[in-house]
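User: Please take a close look at one part of this model, strand by strand, and then follow it outward into what surrounds it. Keep the account plain and give the cut-off behind each term.

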Amino acid sequence: METQQSKAMEDSLTREEGAAADAELAKAIMARRFHPSLLGPEAWEGYMFSDLKIRIKESTDLYGAVLWPSAMVLCHFLETNRDKYNLTEKNVIELGAGTGLVTIVSSLLGAKVTSTDLPDVLGNLQYNVMCNTKGRCKYTPLVTDLIWGQEVEQRFPRATHCFDYILAADVVYAHPYLEELMDTFDHLCQENTQILWAMRFRLDPENSFVDRFRERFHLEELYNLPSLSIKLYRAWRKDKSTKDQGEAAA
């Protein structure tokens, strides 16, 4: 009986410590956002990454042109783990770039970024990327449309488009193109490619997608933030035959 009580106390302490760490990390991530001190003619949200202020214009009439917390989680991870996940001179593609925050931060960290999303959000995406990277980055991000599953092989042939990283934030939710997204991941992810993917869990489609994703890719959980309902994953191909991807990240 005493052993069971001790085990229960240890489990309770572990849960409390985990909740405290989650709350502290979530607080640090959300603290990167700031609001304009004065309201101007154009609504924008502010973010601090790489010791620079980033101004993001949102478009509330377009789902993909609103910044979701998953993007902040991924950006925070990239900046605070530069020793292991060094983006300098790396070829990076972002899927579902939305308002462009992940693209911008990756560019500030030295990556050569291809930023992709649906045609109807490209105008706002291009605006944010140009306003926040011009004169700040070695490489100007390439903003281009990409409809998952459509002409991906023709647009991004594997022989000439080898990406070190695929970045994605909040691309999995209850939309009808999850299989096309899976196929797009599968095509773009080559032997030495790593996927860094932040997702917010809402409904069953998110959980079932993760289960199907595991059939094609190895999956490692990097962050688990229950207070934000967000997890951050690292993934790589299951048919990879060389040494662990973690060594290739340095």
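Analyst: Arg33 of β1 stands opposite Tyr47 in β2. The two strands run antiparallel and are joined by two bridges; strands count as paired if DSSP finds at least two bridges between them. Strands (E, at least two residues) and helices (H or I, at least four) are DSSP runs, numbered from the N terminus. This is a predicted model, in which local features need pLDDT of at least 70 and side-chain atom pairs count only at pLDDT 80 or more, while totals for chains, interfaces and linings use all residues. Residues are numbered from 1 along each chain as its sequence is written, and side-chain values use heavy atoms, with hydrogens and water left out.

On its other side, β2 (residues 45-49) pairs with β3, again in the antiparallel sense, over five bridges. Glu45 stands opposite Ile56 in β3, and Gly46 stands opposite Arg55. Two residues lie between β2 and β3 in their hairpin, where Ser50 takes a positive phi near 55°. Together the three strands form an open, antiparallel sheet in the order β1-β2-β3. Its edge strands are β1 (33-34) and β3 (52-56), each of which pairs on one side only. Four of the five residues of β2 are buried, which leaves the strand mostly covered; buried means under 20% relative accessible area, exposed over 50%, and partly exposed in between (1.4 Å probe, protein chains only).

Helix α3 (residues 101-108) lies across β2 and β3, at about 155° to β3. For such angles, axes are lines fitted to C-alpha atoms, for helices over the stretch in contact, and the angle between N-to-C directions runs from 0 to 180 degrees; contact means heavy atoms within 4.5 Å. Helix α3 also lies across β4 (91-95), β5 (112-117) and β7 (165-169), running at about 175° to β5. Helix α4 (residues 122-133) packs on the sheet as well, touching β5 and β6, with its direction at about 175° to that of β6.

The sheet that holds these strands is open and has seven strands, in the order β6-β5-β4-β7-β8-β10-β9, with mixed pairing. At its edges stand β6 (142-145) and β9 (217-225); each has a single partner strand, so one side of each is left without a neighbour in the sheet. From one strand to the next the twist averages 20°.

The interior can be followed from β3, since Ile54 is among the residues with the most contacts inside the largest nonpolar core. That core has 40 residues, and Val73, Leu74, Leu101, Leu167 and Leu196 share this place with Ile54. A nonpolar core is a set of buried Ala, Val, Leu, Ile, Met, Phe, Trp, Tyr and Cys residues joined through side-chain atoms within 4.5 Å. Helix α2 gives this core its largest share, seven residues. Apart from it lies another core, of 27 residues, including Leu181, Cys189, Met199 and Leu219. Outside its neighbours within four places in sequence, Leu167 is in contact with Leu74, Leu78, Val92, Ile93, Glu94, Leu95, Val102, Ser106 and Leu196.

Of the 12 residues of α2, 11 are buried, so the helix is largely enclosed by the rest of the structure. Among the buried ones are Val73, Leu74, Phe77 and Leu78, and also His76 and Glu79. Helix α2 (residues 69-80) should span 16 Å at 1.5 Å a residue, and its end C-alpha atoms are 17 Å apart, which agrees; the expected span is 1.5 Å times one less than the number of residues.

Further along the seven-stranded sheet, six bridges join β8 (residues 194-200) to β10 in the antiparallel sense, with Ile195 opposite Ala235. Strand β10 (residues 230-237) also holds Arg234, which is buried at 4% relative accessible area. The side chain of Arg234 makes polar contacts with the side chains of Gln194 (2.8 Å) and Glu220 (2.8 Å). A polar contact is a pair of N or O atoms within 3.5 Å; within protein, one must be able to donate a hydrogen and the other to accept it, and residues adjacent in sequence count only if both atoms are side-chain atoms.

Two loop residues complete the view. Asp170, in the loop between β7 and α6 (178-188), has a positive phi of about 60° although it is not a glycine, and is buried at 8%. Glu151, in the loop between β6 and α5 (152-155), has a positive phi of about 55° and counts as exposed at 54% relative accessibility.
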